Amino acid sequence: MPSSPPVTERETHPEAEPPHREAHEGTLGSRLNWLRAAVLGANDGIVSTAGLVVGVAGATDDRSALLTAGLAGLLAGSLSMAAGEYVSVSTQRDSEKAALAQERRELREQPEAELEELTELLEERGLTRAVAREAAVQLTERDALRAHARVELGIDPDDLTNPWHAAWASFLAFTAGALLPLLAIVLPPADRRLPVTVVSVLLALVCTGWSSARLGAAAPRRAILRNVCGGALAMGVTYGVGALLGAAGV
Ligand SMILES: [Zn+2]
């Protein structure tokens with residue numbers, strides 16, 4: 001991985017910035033997607049770190065063991081989320097760029113066939129032949145590549161996701177979530193650390209379940225219930241295993 005700072009698509013193509021892009025539905029939709037991904041990343045951080053530290057707490061009262069396990073879990077989780085996100089967004093962007101390059105080539109080599117293709121795609125969306133033809137001609141005159149990218153490929157050539165942004169966002173979201181169970185297990189006195197952790201984790205899972213449901217326009221109650229049950233199960237299982245190992249003196 002290169003260590004250069006992230007460069008946004010906007011910086012590399014400043015002239016391509018269309019006016020009033022905030023008003024575009026696609027932009028609002030992609031912002032909500034980002035927000036939802038952040039909430040889900042935080043949720044992962046909460047559940048996996050809570051499972052980890054509660055499991056270790058089942059086996060030992062040692063605060064430094066809990067801190068070590070929690071921090072290692074936080075870093076392992078956030079780095080693996082960031083790396084996974086970097087790889088998947090890079091791959092997606094490579095294939096989008098390849099598709100755009102091919103489109104550019106086709107527009108150069110066979111403009112007539114491309115105009116006909118755009119016309120047919122617009123017809124499929126419900127326009128009459130004559131109107132589709134007129135629209136295709138106008139779109140082609142304004143910016144043929146953008147028209148084909150949007151209508152044919154479903155992507156915005158000026159708004160491809162930056163893999164470094166995606167990786168950082170995942171890293172930060174997971175870390176923000178993971179800090180809650182980590183602090184909840186190491187800060188309180190030993191006899192209160194488990195109840196404090198379990199209660200604060202379940203409350204946080206109510207919040208993330210509610211937020212992700214609202215951002216995805218789904219009914220919140222079931223999402224909250226599923227989320228809280230998932231977290232409770234994770235903590236219950238790891239605590240059980242940790243307690244068994246602790247009791248066996250492993
Ligand atoms: Zn095309």
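Analyst: A helix here is a DSSP run of H or I with at least four residues, and helices are numbered from the N terminus. The model we are looking at is predicted. With that in hand, we can place glycine 231, which sits in helix H8.

User: Thanks! Which elements does the protein chain have from the N terminus on?

Analyst: They run α-α-α-α-α-α-α-α. In numbers, the protein chain has 8 helices and 0 strands.

User: Back to glycine 231. Why is glycine 231 called buried?

Analyst: Count the C-beta atoms around it. Glycine 231 has 25 other C-beta atoms within 10 Å. The cut-off for buried is 20 or more, so glycine 231 counts as buried.

User: What is glycine 231 in contact with, leaving aside its neighbours within four places in sequence?

Analyst: Its contacts are Ile46, Val47, Ala50, Val201, Leu202 and Leu205. Take leucine 202 from that list: its C-alpha lies 7.0 Å from that of glycine 231, although 29 residues separate the two in sequence.

User: How much of the protein chain do buried residues make up?

Analyst: They make up 30% of its 250 residues. Contacts across the sequence are part of the picture too: among contacts with a separation of 6 or more, 73% join residues 24 or more positions apart.

User: Helix H8 also holds alanine 248. What makes alanine 248 buried or exposed?

Analyst: Alanine 248 has 8 C-beta neighbours inside 10 Å. A residue with 12 or fewer is exposed, so alanine 248 falls in the exposed class. Its C-alpha is 9.3 Å from that of alanine 59, and the two alanines are 189 residues apart along the chain.

User: And serine 80, in helix H3: how do you know whether serine 80 is buried, exposed or partly exposed?

Analyst: Serine 80 has 13 C-beta neighbours inside 10 Å. Exposed needs 12 or fewer, and buried needs 20 or more. A count of 13 meets neither cut-off, so serine 80 is partly exposed. Between the C-alpha atoms of serine 80 and phenylalanine 171 there are 8.4 Å, with their positions 91 residues apart along the chain.

User: Let's turn to helix pairs. Why is H3 called roughly antiparallel to H6?

Analyst: Helix H3 (residues 63–109) and H6 pack at an angle of about 160 degrees, and their axes are 8 Å apart. Angles over 145 degrees count as roughly antiparallel, so this label fits H3 and H6. The crossing of the two is right-handed. Sorted by class, their contact has 17 nonpolar, 7 polar and 3 charged residues.

User: What makes H6 roughly antiparallel to H7?

Analyst: Again, look at the angle. Helix H6 (residues 163–186) and H7 pack at about 160 degrees, with axes 8 Å apart. The cut-off is 145 degrees, and the angle is over it, so H6 is roughly antiparallel to H7. H6 and H7 cross in a right-handed way. On the H6 side, the contact is made by Leu180, Pro181, Ala184 and Ile185, and on the H7 side by Arg193, Val196, Thr197, Ser200, Val201 and Ala204. By class, that gives 7 nonpolar, 2 polar and 1 charged residues.

User: Why is H4 called roughly perpendicular to H5?

Analyst: Helix H4 (residues 111–124) and helix H5 (residues 129–153) pack at about 110 degrees, with their axes 8 Å apart. Roughly perpendicular covers 65 to 115 degrees, so H4 and H5 earn that name. Residues making the contact include Leu118 and Leu122 of H4 and Ala136 and Leu139 of H5. The contact has 11 nonpolar, 3 polar and 5 charged residues.

User: Where does UniProt place the feature "transmembrane region"?

Analyst: The unreviewed UniProt entry places it at residues 34–57, 64–83, 166–187, 194–212 and 224–248. In the model, residues 166–187 are 95% helix and 0% strand, with the end C-alpha atoms 32 Å apart. Residues 224–248 are 100% helix and 0% strand, and there the end C-alpha atoms are 36 Å apart.

User: One last residue: what makes alanine 217 buried or exposed?

Analyst: Alanine 217 lies in the loop between helix H7 (193–215) and helix H8 (220–248). It has 7 other C-beta atoms within 10 Å. With the exposed class set at 12 or fewer, alanine 217 is therefore exposed. Its phi is near 55 degrees, a positive value in a residue other than glycine. For background, most residues other than glycine have a negative phi.

Conventions:
Residues are numbered from 1 along each chain as its sequence is written. This is a predicted model: local features need pLDDT of at least 70, side-chain atom pairs count only at pLDDT 80 or more; totals for chains, interfaces and linings use all residues. Axes are lines fitted to C-alpha atoms, for helices over the stretch in contact, and angles run from 0 to 180 degrees between N-to-C directions. Angles under 35 degrees count as roughly parallel, over 145 as roughly antiparallel, 65 to 115 as roughly perpendicular and the rest as oblique. A crossing is left-handed if the near helix is turned anticlockwise from the far one by less than a right angle, and right-handed if clockwise. Two residues are in contact if their C-beta atoms, placed from the backbone, lie within 7 Å. Ala, Val, Leu, Ile, Met, Phe, Trp, Tyr, Cys and Pro count as nonpolar, Asp, Glu, Lys and Arg as charged, and the others, Gly among them, as polar. UniProt positions are given in the numbering used here, feature names are shortened, and annotations may be inferred rather than shown by experiment.
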